[in-house]
Structure formats: structure tokens, C-alpha cells
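Here is a short briefing on one model. Look at the structure first, then read on.

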Amino acid sequence: MHTAPSDLLDLLLFPSWLVPVEPAGVIFRNHAIGIRNGRIALIAPREEAHRYVTKASKELPGFLLAPGLINAHGHAAMTLFRGLADDLPLRSWLKERIWPAENRWVNEDFIRAGSELAIAEQLQSGITCFSDMYFYPELVSELVHKHGVRAQITIPVMDFPVPGARDADEALRKGVALFDDLKHHPRLSVAFGPHAPYSVADANLESIRTLIAEMDAGIHMHVHETAQEVEEALGKHGERPLARLARLQLLGPRFQAVHMTQVNDDDLALLVEHNCSVIHCPESNLKLASGFCPVERLWEAGVNVAIGTDGAASNNDLDLLGETRTAALLAKAVAGSATALDAHRALRMATLNGARALGLEDCTGSLEIGKFADMVAFDLSQLAQQPVHDPVSQLIYSSGRDCVRHVWVGGKQLLDDRRLTRMDEERLIATAQEWGRKIRPAP
């Protein structure tokens, strides 16, 4: 029995399977989990758990209870650009379609509508924590606070003006202020998000380096997304982007390298040496034909690999369970091995590895005593999932996000039998449709 000191529990859950993720590869059958004051206070066989006094209890027959999924990279408000610029390579997609659309449409109302839509979609997909790399970060933090989810908000930094900031200096000033405002928030953290090596000059990267050293903040950055990016960096700087970031002393345990589809021996050595995390976004990389992150090679070298959906404009969904299935299958093809990234490790990549990448592993990412009760209940009782020989394999390889039934963040239920408890789904749909008509009017 794993338990905290005895006391009244707020909630006691009895799933068929409880997958804590840590310890690795463990499945508890006929166990219960108890919640007190938003944190996990009890994990015990159901017979012993019945001895505890609780305010509420719930039987979950046929359900797998796991840590909430962590979407380690995305651009939340870009849900309003879903399907706007499909079937294009990255540079054309970005420069010819997305940047012009952002210049035309992104304002505070756009950010509110798109971010709320993304929060709701992610909750219905079993995501309890996400990293957002987009404009008006202070507005997104307000929505995260309001709707009860957990998030890392990254401060967008580029060499040119962006919505909400006239230049990099203003973006950094606002970022420091937001960091100070939120440093004691139980569900929000702030990192700095220089867009990519090709869009941020050395001077601005050096300013970020100084700030993160003072603040112990993370850096979240698109790196080595395409072969073209690496080739152009070699021509311009005479070094690969990751090597340039190492020379500028930006790499370290708080560095979150998003994409990393291009990894040679020197890149791998830098990632290992500096204990960086890699955020793998397989479906966006596939859709934009950006390349393949060598997940198994990174994992075997000891690199922490998490997973992200990227934005809905290049994915086109925020379905981390589907993303994880794609990651597991793709890893096998890239490694040429059917044993690469098995189901248990894939789930770990979508939970605890994500928490570690975002600097949150002490409070979320696994079901352990004392951690926040960020949990998702997956229904494995449907016809297409039978029989259940291994519930984790069934979750990763046989299930879609429609099996997400219940979601808790910090012990508070935000999804109850697929119903959003704190958001108006009909209003969100109507608002998104209104934006769709404005952005792409009917011919």
C-alpha cells in the first residue's frame, strides 16, 4: 500500500487499471486512488482503500486511469487557422500563408477565442497541461487561470514586431513582468520562447540568456525543424543551429528543443552534454514534410523526449493520444526496429517526460503520492478495444481520444463523462464558426 497520513479524503476512484507511469511499466489492477486537497494522498488495493472515509467515490469499471497527458508544444490560438493553409511545405506555409494571416487577424479577441477553443479541445483529448508558444501570453495566462488547466506560457521573441510587442525588448520586458506575476501560481509557469535560430539574432538570444540565468526560467524554441534550416545556418553562420545555441550558452536542462528532425553525432553529443529536452511533434513534421526526429536514438542516449501536437494550423488537431500513437509507429520505422518506443514508453513520453521537459516533474506527470491529482480516465470497454490483454497497448494502439471520459486537474474535475464542467461548448463552437466566416468568407 502506498499512502499518505490518514485523514478524510475528498475523492476515491476505483478504476479497473491504474497506470502510475512511475514506476515505469507498472499496471495496478484492482487498486484505488485517493485525493485530498488537490493532491494524491492514497494508492492502495481496493479492499484497503474502502477503509478510508471519503466525501465522494466513483467506480470506473473498464477504465484505465493515468496521469493527465502533457502537450509539450503548441500554439493554442492557431486553432482558428485550422485547415487554412494545408498541403504546403514549411517555409511556404509560414511565410506565404500563416504570417500574412497573423498580420491580418491576430488581436486580443482572436487570442481569447482561439485559446479557449484549444483549451476545451485539449481537455476533451485528456490533456491536463500544455505549453503555449504564441502572442499576447498575458491573455492566455488569464484563460488558463480561469478554466483550471495547467500550462507553461512562453514569451514569443523574434527580431521583428509581433502582435502584442513592438520589438524583442518590449516582449522581454513584458515577459519578465508576467514571470514575476505568476511565479507563485500553482498551475502556471513562464518560459521564454525565441521563435527559431533563423528568426532571432545573437544579441536577442544573449539577452534571453542573461534573463534565464537570473530567473531560472526555461527556453522553448523551434530547432532543426528542417534540413533547409540547418543548411542555411551553415551557410550564414558556418555552424549548425544547435552548435550556435551552445556557443551562446543557451543550452541546459531547461532548454526545450522543439522538432529536432535533423540530428547528427555532434548534435546528439550537445543534447546529452547539456541535458536538454527534445519535444517531438511527429504529425506536424509529417504533414509539412519536415523530416523525422530519431526518437529511439535520442532515448537510448539518455535524452529526455517529450511530445507535442504543434498548432492546429499544421496538425490539424490537438489530439495528443493520436500524436503518441503516430510517434510510436514512426519511431519503429525510423529505427528499423519493431521494439522501438513500446506502448509504455510512449505513454511516459506523453506524461512524465513532458513534465520533466517543462520543469514540472516534481508536481505532475505521474500518479505518485504528494503530486497534484492531474488525471485522465480512459474508457477501454468499447467493442473495438476487446479483448484487453495489455491495457496500455490497447490505449496507445487501439484507442482514440473519444475514449477520454473524465479529466481532473489538481483534483478538480474539468471533464465529466465528456462534458466540459467549466466551459460552454456550444458558445465555443459558435464563436469559432464566426471567426471562420471572417477569416475565410464564403465565395
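Which residue follows helix 4, and is its phi positive or negative? The residue is G148, and its phi is positive, near 85 degrees. This is a predicted model: local features need pLDDT of at least 70, side-chain atom pairs count only at pLDDT 80 or more, and totals for chains, interfaces and linings use all residues. Residues are numbered from 1 along each chain as its sequence is written, and side-chain values use heavy atoms, leaving out hydrogens and water.

**Helix 4**
- Helix 4 spans residues 137-147 (helices are DSSP runs of H or I, at least four residues; strands are runs of E, at least two; both are numbered from the N terminus).
- Its buried residues (under 20% relative accessible area, 1.4 Å probe, protein chains only) include L139, V140, L143 and V144.
- The buried residues of helix 4 pack against several elements, among them helix 3 (108-124), strand 8 (127-133) and helix 5 (168-182).

**Helix 3 meets helix 4**
- The two axes (lines fitted to C-alpha atoms over the stretch in contact) come within 10 Å.
- They cross at roughly 40 degrees (angles run from 0 to 180 degrees between N-to-C directions).
- I111, S115 and I119 are among the helix 3 residues in contact (heavy atoms within 4.5 Å) with helix 4.

**S314**
- S314 sits in the loop between strand 14 (304-307) and helix 12 (320-335).
- S314 counts as buried because its relative accessibility is 1%.
- The residues S314 touches include W93, E283 and K287, not counting residues up to four places away in sequence.

Definitions and conventions. Buried means under 20% relative accessible area, exposed over 50%, partly exposed in between (1.4 Å probe, protein chains only).
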